[in-house]
Amino acid sequence: MADHFFTAEPTSADVRRTVGARIWGREYTFTTSSGVFSRDRLDLGTSILLREAPVPTTGGTYLDLGTGYGPIACALAVEDPEAQVWAVDVNNRALELTAENAKAAGVAERVHASLVEDVPEDVRFDQIWSNPAIHIGKPELHKMLLHWLARLAPDGVGWFVVGKNLGADSLQRWLGEQGYPCERIASAKGFRVLRVTATNEDPAPS
Ligand SMILES: C[S@@+](CC[C@H](N)C(=O)[O-])C[C@H]1O[C@@H](n2cnc3c(N)ncnc32)[C@H](O)[C@@H]1O
């Protein structure tokens, strides 16, 4: 069966390549490989997310949920020199590449490329950034989002990019129903950028 980018251990040959990207006015050269998401270029949705959401500079603890080869995590750590960035994925090759890319960007000590289960329980996030893995299916996607949103700091914020044709608008509604107010802050090229906040309100009864 063909590899999917969210396979834990891609079986495809690990053929490395480099891709250039300009993020928040800086040039990056990322190493990518077969078996990881968008290995040929910075994904369009990711680039829209990075263009539309405000770059954080407050020295917080951030989560890059579904880091892939790590473009979001590396850029967050470079822009915010005091930040600690947890870059999680289920794909081991993606995590290896994220660690390499963080090293190349000079931020290896503050980018923690981790399997989901290896993030310490007590870590809370000031911000969650994600181009989430919609293709895992709605039940898994919802489970994943609720798991991590529960770990947002009380005044924390999540920034998500989702394709309109991949259910961005229904996901926005669903997040609100779960007690996470969610607004669309931008819409471009078929993608929605969503801003999600933590709340103490009880979720709507299901
Ligand atoms: C759409 S890609 C985005 C990758 C990267 N952030 C980028 O912008 O290029 C989503 C990523 O989520 C990962 N993923 C899939 N299921 C996951 C899960 N349950 N928890 C965390 N990450 C997951 C995939 O392996 C993939 O790397």
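The paragraphs below lead from the overall form of the protein chain to its strands, its helices and its interior.

The model shown here is a predicted one. Its protein chain contains five helices and nine strands, and, read from the N terminus, these elements follow one another in the order β-β-α-β-α-β-α-β-β-α-β-α-β-β. Taken along the principal axes, the C-alpha atoms fill a box of roughly 50 × 40 × 35 Å. For 206 residues a compact globule would have a radius of gyration near 17 Å, and because the protein chain has 16 Å, the two values agree. Of these 206 residues, 40% count as buried, and among the contacts with a separation of 6 or more, 66% are made by residues 24 or more positions apart.

The UniProt record, in an unreviewed entry, lists residues 27–195 under "domain: Methyltransferase small". Over that stretch the chain is 31% helix and 31% strand, while the C-alpha atoms at its two ends are 26 Å apart.

Along the chain, the hairpin of β1 and β2 can be taken as a starting point. Strand β1, residues 16–23, runs antiparallel to strand β2, residues 26–33, and eight bridges join the two; within this pairing, G20 of β1 stands opposite T29 in β2. Two residues lie between the strands of this hairpin, where W24 takes a positive phi near 50 degrees.

Seven strands form an open sheet with mixed pairing, in the order β5-β4-β3-β6-β7-β9-β8. Its edge strands are β5 (111–115) and β8 (182–188), each of which pairs on one side only, and neighbouring strands of the sheet are turned by 20 degrees against each other on average, if direction is ignored. At the β5 edge, strand β4, residues 84–89, pairs with β5 in the parallel sense over five bridges, and W86 stands opposite H112 in β5.

Towards the β8 edge of the sheet, the pairing described for β9 is antiparallel on both sides. Seven bridges join β7 to β9 in the antiparallel sense, with W159 opposite R195 in β9, and six bridges join β8 to β9, again antiparallel, with V196 in β9 as the bridge partner of C182. The hairpin of β8 and β9 has two residues between its strands, and K189 takes a positive phi near 50 degrees there. Strand β9 is largely enclosed by the rest of the structure, because five of its seven residues are buried.

Which strands does helix α1 touch where it packs on the sheet? Helix α1, residues 44–52, touches β7 (152–163), β8 and β9 (191–197), and its direction makes about 135 degrees with that of β7. The buried residues of α1 are G45, T46, S47, I48, L49 and L50, and what covers them includes β1 and α2 as well as β7, β8 and β9.

The interior can be described through the largest nonpolar core, which has 52 residues and in which L63, A73, C74, L76, A77, V85 and V111 have the most contacts. Helix α2, residues 71–79, supplies the largest share of this core, namely seven residues. With its neighbours within four places in sequence left aside, L63 is in contact with W86, V88, F125, I128, W129 and W148; W86 is thus a contact of L63 as well as the residue opposite H112 in β5.

How values were computed:
Residues numbered from 1 in each chain as written. Predicted model: local features only at pLDDT ≥ 70, side-chain atom pairs only at ≥ 80, totals over all residues. Pairing = 2+ DSSP bridges. Helix = DSSP H or I, 4+ residues; strand = E, 2+ residues; numbered from the N terminus. Axes fitted to C-alpha atoms, helices over the stretch in contact; angles between N-to-C directions. Contact = placed C-beta atoms within 7 Å. Core = buried A, V, L, I, M, F, W, Y, C linked by C-beta atoms within 7 Å. Buried ≥ 20, exposed ≤ 12 C-beta atoms within 10 Å, placed from the backbone. UniProt positions renumbered as here; feature names shortened; annotations may be inferred. Rg over C-alpha atoms; globule rule 2.2 N^0.38 Å.
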